[in-house]
Amino acid sequence: MSWFERVRRVAARTWPFARWPLFIGIGFALGFVVPYTLVLDHRLTSRVTEIDFTQPTRVYARPQLLQAGVPMNRATLELELQMAGYNPVATAARVPGTWSDDGDRFIIASRGYMDPVGGELPRRVRVTLGAGRIQSVFDLTADKPLHRTHLDPARIATLYGAGQEERIVVSLSELPPLLVEGIQAVEDRDFKNNHGIDLTSIARAALADLRAGHVVQGGSTITQQLVRNLFLDRNQTLVRKFNEALLSVLLDAHFSKGQILGAYCNEVFLGQQGGQAVHGFAAASWYYFGRPVQTLRPQEIALLVGMVRGPSYYDPRRYPQRALARRNVALDAFHATGLLSDAQWKAARAAPLDVTPQPQLVVDRFPAFMDVVRGQLQQDFSDQQLRDGGLKVYTTLDPAAQTDAEQALDETLHGLGGRGNDLEGAVVVVDPVNGDVLAMVGGRKSDRHGFNRAYDARRPVGSSLKPFYYLMALADPAHWNVASLLDDSPISLKLPNGKLWTPQNDDHQSHGQVPMVEALAQSYNLASVHLGLQLGVDRVAAFLRSFGLKDVQANPSLLLGAVDVSPYQLAQLYEFLADDGHALPLMTLRGVLDAKGRVIKRYAVQPGKGQYQKAVELVRWMMQQVTQYGTAAALARSPLAGLHVAGKTGTSDHQRDSWFSGFTGDRLAIAWMGRDDNRQTRLWGATGALQVWMKLFEKLPTAPLPASPGDGIQYAWIDPATGQGTLPQCDGAQQYPFIDGYAPQVQDHCYLQRLENFFGGGNGGQQPSAGTHP
């Protein structure tokens, strides 16, 4: 009997018993396996397609300008570098993202960046400091002096979606070739030839599992790992393994090897910080090394590749010895597959881990500032775009100024001892030239979300409003000037509600007739009220409303600051004075890039023609007298005297609020202190908020304000007692600025005094001091 005949007879005998299992198997395949495969296939294709849209929005500060003449000191430059994630090194910095120093000479290896107005290429620069400024910038890469460059901006916040995944999506061509080949050498050497699964590896793993009696070894290909990350949990069950194998084969059938590897390199899990999971090699490069993946050295690439096996177990910050051993295993694989030469392999093995001490992953560094940024972004972008669109948002924040402002408020509150326990505060710092908000502190717990007192708290501003109706007067030079005498006598007014309003000076004295500059410098309330009534309270209210203030009531008490304003709003008002009469809106945003680096939004304003510019110069000069001999004279007695600050103190009724508003040549800052329950603080503007302002500017690099007004202003000698022109030889003569053509004519020639001086009487022939108040 032939072999074929024997097989036929066996089949005939077994067919009645085998047919039903066979039919059931075919039915199961047609009724379940095929539909199930189709469902998995649909899930797979849709999920892999969507992977490009799972990037968070990252928010950045403004780039630090490095240019000769820019105000800068050593502490601030170090702080800027630290906030931008640069690492100090002992030798001359060469690796991007590092810096070194020798006294006031810094060598910085910048990383380069792209933002809405351009960006910078990576380069090594030498920055030399001196006399509170940058003295020179030299391009070590090109070996020539550099006019200007910028540090790449610090990342200050991240807007995550529901998945809380930190990821930077890059194409395979943007990754270092060593990384692309190295991950295959370590994780799946047959990746280019297998079809999603490797039967040899699976058999080897199955044998190990059988010997151990439980699952102990994996035989996963890169494709299987990607499937596991995208679709499956970590349970080691037969059902999950079946799904993994089936999905891997489907994935390999649908997509090219390059697409699979690219998706894997963007999806692989490589670390965790709090609720944020780090996915992909590009994000991990920033997280562990603080610089782009394109700049990684072989030993750093090997560390990331080695950590794929277990990011928590091989965490280089927690378990450096484990991480080092695993990195060397990866380096050995690189060497064995010819990716590294003998010399490269030995050098890489001898190198330290060199991870940054702190993770370069920022969720929300500055909550108060970010509250405003989020509100403005939501006017232009949907929540979905902000969570998952991979946007890059560039703001105006100056990290060093922000840190200095937080410390200034904290030090002032602690310096008050027990009195400071229940006090709160807020600070806003602005670049008056362009209206950029550089810093915003919303309260004493500046690192926590909560009530933003800088932006949302409306409080009475006291005398802080006085410069604005003094400005109204000086805008009419035919009738008013800085020497005009104001009446500082008592006054009582009946208000519309029938109550009698009787304002007083802080010293509870009246001072008769005083020059306008004296009234502002000493913040005389009675003189200011008389001036405001002469101008017209309705006009004063209308002028304040023109700056965007709401709920400004035309009551006489308005003249003493009875209007609720936030520190942010007050900064908007004072920006007008600090920028020569240009009313620029305050800005917190510079622009937005999409996930592919294209500009989709720019935020900028074009300054218009200034208003009341000569009058503004005179108000600024009067505000400089406030800090010279007036209510903020502490500035003149401090190391900040050379800044020639223009400022104004403010105290609300019953000392509930303490304010100081002041500006230099390139910085404006508003400081407020008070209590949330609106109780008395027992602080004046000079004893509370001014102290915050001074502590801030003790650290903040800034340019001085010119001590004298500019073109279009002339000086004349004045007798302060009469407001009339006089001669410099006359007793008490002071030199005041006036708009050209409006200086008072000399009325007092003091003939008798000059005759007495000639014959040795009077002041003994000595000419009186002139020019400024004592």
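**Figure 1. Helices H2 and H14 pack against each other in the predicted model.** H2 covers residues 74–83, and H14 covers residues 399–415. Their axes come within 8 Å. The crossing angle is roughly 110 degrees, so H2 and H14 count as roughly perpendicular to each other. H2 contributes Thr76, Leu79, Glu80 and Met83 to the contact. From H14 come Pro399, Ala400, Thr403 and Asp404. Sorted by class, the contact of H2 with H14 holds four nonpolar, two polar and two charged residues.

**Figure 2. H14 also packs with helix H21.** H21 spans residues 689–699. The axes of H14 and H21 lie 8 Å apart, at an angle of about 140 degrees. The two helices are therefore oblique to each other. Their crossing is right-handed. On the H14 side, the contact is made by Ala401, Asp404, Ala405, Gln407, Ala408, Leu409, Glu411 and Thr412. On the H21 side, it is made by Gln691, Val692, Lys695, Leu696 and Lys699. Six residues of the contact of H14 with H21 are nonpolar, three are polar and four are charged. Asp404 of H14 takes part in this contact and in the contact with H2.

**Figure 3. Leu377 sits in the largest nonpolar core.** This core has 151 residues. Ile108, Leu377 and Met622 touch the most other members. Neighbours within four places in sequence aside, Leu377 is in contact with Leu159, Leu386, Val393, Leu589, Val592 and Tyr603. A second core, separate from this one, has 51 residues. Among them are Val227, Phe231, Leu303 and Leu353. In soluble globular proteins, nonpolar side chains tend to be buried together.

**Figure 4. Helix H17 is largely enclosed by the rest of the structure.** H17 runs over residues 525–535. Nine of its 11 residues are buried, which is why the helix counts as largely enclosed. The buried residues are Asn525, Leu526, Ala527, Ser528, Val529, His530, Leu531, Gly532 and Leu535. Several elements cover them, including three helices: H15 (466–474), H16 (516–521) and H18 (537–545). The cover also includes strands E20 (485–487), E22 (500–501) and E23 (513–515). Gly536 follows H17. The phi of Gly536 is positive, near 105 degrees.

**Figure 5. Gln624 is a buried residue of helix H20.** H20 comprises residues 613–628. The relative accessibility of Gln624 is 7%, so this residue counts as buried; the cut-off is under 20%. Sequence neighbours within four places are left aside here. Gln624 is then in contact with His644, Val645 and Ala646. Leu705, Pro706 and Ala707 are also in contact with Gln624.

**Figure 6. Gly274 lies in the loop between strands E14 and E15.** E14 covers 269–273, and E15 covers 276–279. Gly274 has 66% relative accessibility and therefore counts as exposed; the cut-off is over 50%. Gln164 is 110 residues away from Gly274 along the chain. The C-alpha atoms of Gly274 and Gln164 are nevertheless separated by 9.8 Å.

**Figure 7. The protein chain as a setting for the close-ups has 774 residues.** Of these, 53% count as buried. The chain contains 22 helices and 33 strands. Contacts between residues at least 6 apart in sequence were also examined. Of these contacts, 68% join residues at least 24 apart.

Conventions: Residues numbered from 1 in each chain as written. Predicted model: local features only at pLDDT ≥ 70, side-chain atom pairs only at ≥ 80, totals over all residues. Heavy atoms only, no water. Core = buried A, V, L, I, M, F, W, Y, C linked by side-chain atoms within 4.5 Å. Buried < 20%, exposed > 50% of the residue type's maximum accessible area, 1.4 Å probe, protein only. Contact = heavy atoms within 4.5 Å. Axes fitted to C-alpha atoms, helices over the stretch in contact; angles between N-to-C directions. Helix = DSSP H or I, 4+ residues; strand = E, 2+ residues; numbered from the N terminus. Parallel < 35°, antiparallel > 145°, perpendicular 65-115°, else oblique. Nonpolar A, V, L, I, M, F, W, Y, C, P; charged D, E, K, R; others polar. Left-handed = near helix turned anticlockwise from the far one by under 90°.
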